[in-house]
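Let's take a friendly walk through this model together. Have the viewer ready, and we will go from one DNA strand to the other and then on to two individual residues.

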There are 2 protein chains.
Amino acid sequence: MHLTTKGKYAVTAALDLAMHENNDFISIADLSLRQSIPGPYLEQLFRNLRKAGILTSHRGPGGGYKLSRPSNEIKIGQIISAVEDRMDATQCSGEGNCSAGSKCLAHNLWTDLNNQVQSFLMDRSLEDVLRDSNNKSLTLNNNKKLLIAAG
Amino acid sequence: MHLTTKGKYAVTAALDLAMHENNDFISIADLSLRQSIPGPYLEQLFRNLRKAGILTSHRGPGGGYKLSRPSNEIKIGQIISAVEDRMDATQCSGEGNCSAGSKCLAHNLWTDLNNQVQSFLMDRSLEDVLRDSNNKSLTLNNNKKLLIAAG
DNA sequence: TATATTCTTGACAAGATTTGTCAAGAATAG
DNA sequence: CTATTCTTGACAAATCTTGTCAAGAATATA
């Protein structure tokens, strides 16, 4: 199970796009600057997100990327599986041949962990995370939450 | 968040030790053979498990390793954190300075994921996993479970 | 005591993966 | 026509994982 900066960058970038959902297209240069992600690296990640149907792009001046669906219809798990190829926790890719052709002692454990993590990531949309981020980051010292609309 | 074969080997080896809890000491050679783990590599992992107080060792003929506590008192999470040093999912090691000194948009998301995974791993003892492994691996075709004591 | 066994420690190396870069090209707005 | 921006393929450095090795220390047993 490998969740690397690749997946984290992709999610952060997608969250940025979700924050500016009303804007038309956002360039990699802007995103790179705002989120401190190396531009050419982001380029590479966005290839996968576009192939997965999560982003729409447009070339030329004023071009860039935007979400291809509303932010509440895009799950964190979809973004991660578009860029990470080693999220599976089992040694055998779920095939059950992890110990001399049959299941190793821990096979069910890793399978259960997989399901747990997948559920976690598939239960959360970009909108969910953004709302949560806003609320918690604005929690005051006295522990009263200051609720403000995202944006 | 990196769960590598290092952690998986360590858990598998510990499960083997738990299965033979009544035996005195088990050598790396035996473990390596039974679980198909490279001996010298296992050596390296067992250093960490011993330092973490999970294993007890004894040198000389008939020597080897055994669990330092009953298998129901050793959690999977303890084993993994003894050998894996990059299980944290946040970019900032939880410090909250992941984006120009303050929390990145996804900070809470990764923190929540961390907690989820940690709970999962800390809720399960070696004994739990072994019991589960026995039950499920003996599930028959007709979906009736054949319950047999571990051993 | 001698010997075989087994852990202990430190260091090293090959391979894979991640992370990041670059350049040439294609599309498009103004 | 020109500047902008994505698109694609390839490449390279850094890091990490995985695995190996050798010399040494402890210990059971004969």
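Start at DNA strand C, where the nearby surface takes at least two residues from each of α1 (5–19) and α3 of chain A, and likewise from α3, β1 (55–58) and β2 (64–67) of chain B. Keep in mind as you look that this is a predicted model. Among these elements, α3(A) gives the most to the surface near strand C, with four residues. In total, 29 residues surround DNA strand C, and the closest are A:T5, A:P61, B:R50, B:S57 and B:Y65. Of the atoms of this strand that come within 4 Å of the protein, sugar and phosphate make up 60%. If you sort the residues of the surface by character, you get nine nonpolar, twelve polar and eight charged.

Now zoom in on individual atom pairs at strand C. The side chain of A:Q44 places a polar atom 3.1 Å from a base oxygen. A base oxygen of this strand also lies 3.5 Å from a polar side-chain atom of B:E43. With A:R59, the partner is a sugar or linking oxygen of strand C, and the distance from a polar side-chain atom is 3.3 Å.

Next, turn to DNA strand D. Which residues come nearest to this strand? Of the 29 around DNA strand D, they are A:R50, A:S57, A:Y65, B:T5 and B:P61. Sugar or phosphate accounts for 60% of the strand D atoms within 4 Å of the protein, and the rest belong to bases. The residues of this surface comprise nine nonpolar, twelve polar and eight charged.

Here, too, some side chains are worth picking out. For B:Q44, an N or O atom of the side chain is 3.0 Å from a base oxygen of strand D. B:H58 has a polar side-chain atom 3.0 Å from a phosphate oxygen of strand D, while for B:R86 a polar side-chain atom sits 3.2 Å from a sugar or linking oxygen. Stepping back to whole elements, those that give two or more residues to the surface near strand D are α3 (39–51), β1 (55–58) and β2 (64–67) of chain A, along with α1 and α3 (39–51) of chain B. With four residues, α3(B) gives the most to this surface.

From the DNA, let's move to a lysine. B:K8 belongs to helix α1 (residues 5–19) of chain B. Is B:K8 buried or exposed? B:K8 is buried, yet has no salt bridge: A:D88, the nearest side chain of opposite charge, is 6.6 Å away. Leaving out residues up to four places away in sequence, B:K8 touches A:M1, A:A89, A:T90, A:Q91, A:W110 and B:L3.

Our last stop is B:T90, in the loop between α4 (76–83) and α5 (107–122) of chain B. Why does B:T90 count as buried? The reason is that its relative accessibility is 6%, and buried means under 20%. Beyond neighbours within four places in sequence, B:T90 is in contact with A:K8, B:H107, B:W110, B:T111 and B:N114. The side chain of B:T90 also forms a polar contact of 2.5 Å with the side chain of B:D88. For a sense of scale, look from B:T90 to B:D30: these residues are 60 apart along the chain, and their C-alpha atoms are separated by 38 Å.

Definitions and conventions
Residues numbered from 1 in each chain as written. Chains lettered and ligands numbered in written order. Predicted model: local features only at pLDDT ≥ 70, side-chain atom pairs only at ≥ 80, totals over all residues. Heavy atoms only, no water. Buried < 20%, exposed > 50% of the residue type's maximum accessible area, 1.4 Å probe, protein only. Lys, Arg positive; Asp, Glu negative; His and termini not counted. Salt bridge = Lys/Arg side-chain N within 4 Å of Asp/Glu carboxyl O. Contact = heavy atoms within 4.5 Å. Near = heavy atom within 4 Å. Polar contact = N/O pair within 3.5 Å; in protein donor to acceptor, adjacent residues only side chain to side chain. Nonpolar A, V, L, I, M, F, W, Y, C, P; charged D, E, K, R; others polar.
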